[in-house]
Amino acid sequence: MENRSNSKADTPTNISLGVGGLPFSIFEYKTISVFLVLTICGVGIIGNTMVVAVVLTTRDMRTPTNCYLVSLAVADLIVLVAAGLPNISESLAGTWIYGFAGCLGITYFQYLGINASSWFITAFTVERYIAICHPMKAQTMCTVSRAKRIIAFVWILTSVYCMLWFFLVDVAANNSQQLECGYKVSRNLYLPIYLLDFALFFITPLLVTTVLYGLIGKVLLRSRALHHGTAQGECWRERSNQEKNGTEAGLSRAGSSRTRVPVSSRKQVTKMLAVVVALFALLWMPYRTLVLVNSFVEHPYLDRWFVLFCRICIYTNSAINPIIYNLMSQKFRLAFMRLCKYREEGLPRQRSFYTASGNDSTGKAGPIGQQASHKAKGPVGVPRAEAEQQILSQKEKEMQVSLL
């Protein structure tokens, strides 16, 4: 079983815990590994489930970008369940307990989740590039229906590709007579497959996303400079118009704010997705490097603590995305709060807002809209302008909430 022991670092769940070391060190390793893996997988499973739930149950969250994020969450759930949970049971039992069918199925779903997640990251990067760099084309290309077709295509193609692993794995006893789920072919046979995986599902997505985010950043910097010059001109015209007519000045300020909000929102969404891509590259680098090095050296590097570090990085990558969404997206944060039933008083949930008009002598609250204008008392000039400014200011806040 030399080939099997040489390939133990090739998958997160195939590292034997019973090779060498003192009993205390093995117990220490098991305790730390089970605690870390169980904690990270638990947080990741809950977080990714919440991402799927909030997008599917909230109508205004169903955007093309969020469709890709839901599919990424499903892929991460597959990785956590198929790689993390079997790792816990194998650590506790010290042997493979799922049999031959479990070996085939778990290995298949591991690579299905891993490979699908890398291409969904590429897909939402392409969608962001089209939306920001080619906004006219985005009206027809960046749609929910098209996103669903792309998602279905990625799942089908990846599912078929990963069937290759059914012919490469088997269950056998190692030198310590413990069962392991490992590879039944020689290194010369599975090495081309690993190199193909490395190229298709790591190097290519990273190159594509790096180039596209570079182009996106260039466009956003240019639009920021252009907006800065335009804002200075608007400020001068605004002061001039304010001397002539208070109503027109208020509408000009609100109109200028409406032009700023979409740019700010797009920048924040793009920044959040760029962080997801950067963490994907950083957290997958140790594992991919270990596999690549061990594929060429005569004696693979199989230090159990470094292998545990590689595993933790993989599980963290699958668990951290919902935390990023919560920290960097106000809309996701509010959706998570509503899902957990921790809604704060006054948080807007519907598109109709209620407030009291400052110039309403009755002091009654009414929906912001035409009623605010009709209820404005006194001269038609200033009170009506203030009411319209209040309406547009509230709409601006609503647009700032909608980040995705």
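**Note on cavities, ring pairs and salt bridges**

1. Six cavities of 30 Å³ or more are found in this structure, which is a predicted model. The second largest cavity has a volume of about 50 Å³. Its lining consists of Tyr194, Leu195, Phe198, Arg288, Val291, Leu292 and Ser295. Helices H7 and H8 each contribute at least two residues to the lining of this second largest cavity. Sorted by class, the lining of the second largest cavity comprises five nonpolar residues, one polar residue and one charged residue. The charged residue is Arg288 and the polar one is Ser295.

2. The count of aromatic pairs comes to 17. One of them joins Phe202 and Phe280, whose ring centres lie 6.1 Å apart with 50° between the planes, a tilted arrangement. Phe202 belongs to helix H7 (residues 187-244) and Phe280 to helix H8 (residues 246-294), so this pair ties together parts that are 78 residues apart in sequence. Both Phe202 and Phe280 are buried.

3. Ring pairs also link Tyr111, Trp165, Tyr183 and Tyr194 into a cluster. Tyr194 deserves a second mention, as this residue appears in the lining of the second largest cavity as well.

4. A further contact involves a charge and a ring. The charged end of Arg304 is placed over the ring of Tyr29, at 5.7 Å from the ring centre.

5. How many salt bridges does the structure hold? There are two. In one, Lys331 is paired with Asp60, and the closest N and O atoms are 3.8 Å apart. Lys331 lies in helix H10 (residues 330-339), whereas Asp60 lies in the loop between helix H2 (23-57) and helix H3 (64-93); the pair therefore ties together parts that are 271 residues apart in sequence. Lys331 counts as buried because its relative accessibility is 8%, under the 20% cut-off. Asp60, with a relative accessible area of 35%, is partly exposed.

6. The other salt bridge is formed by Arg128 and Glu127, with 3.2 Å between the closest N and O atoms. Are these two partners buried or exposed? Arg128 has 10% relative accessibility and so counts as buried. Glu127 is likewise buried, its relative accessible area being 7%.

How values were computed: Residues numbered from 1 in each chain as written. Predicted model: local features only at pLDDT ≥ 70, side-chain atom pairs only at ≥ 80, totals over all residues. Heavy atoms only, no water. Phe/Tyr/Trp six-rings, centres within 6.5 Å; stacked < 30°, edge-to-face > 60°. Helix = DSSP H or I, 4+ residues; strand = E, 2+ residues; numbered from the N terminus. Buried < 20%, exposed > 50% of the residue type's maximum accessible area, 1.4 Å probe, protein only. Lys NZ or Arg CZ within 6 Å of the ring centre and 35° of its normal. Salt bridge = Lys/Arg side-chain N within 4 Å of Asp/Glu carboxyl O. 1 Å grid on protein atoms, 1.4 Å probe; cavity = no way out; pocket = protein on both sides within 12 Å on 5 of 7 lines; lining within 4 Å. Points joined across faces, edges and corners; volume = space filled by probe spheres on them.
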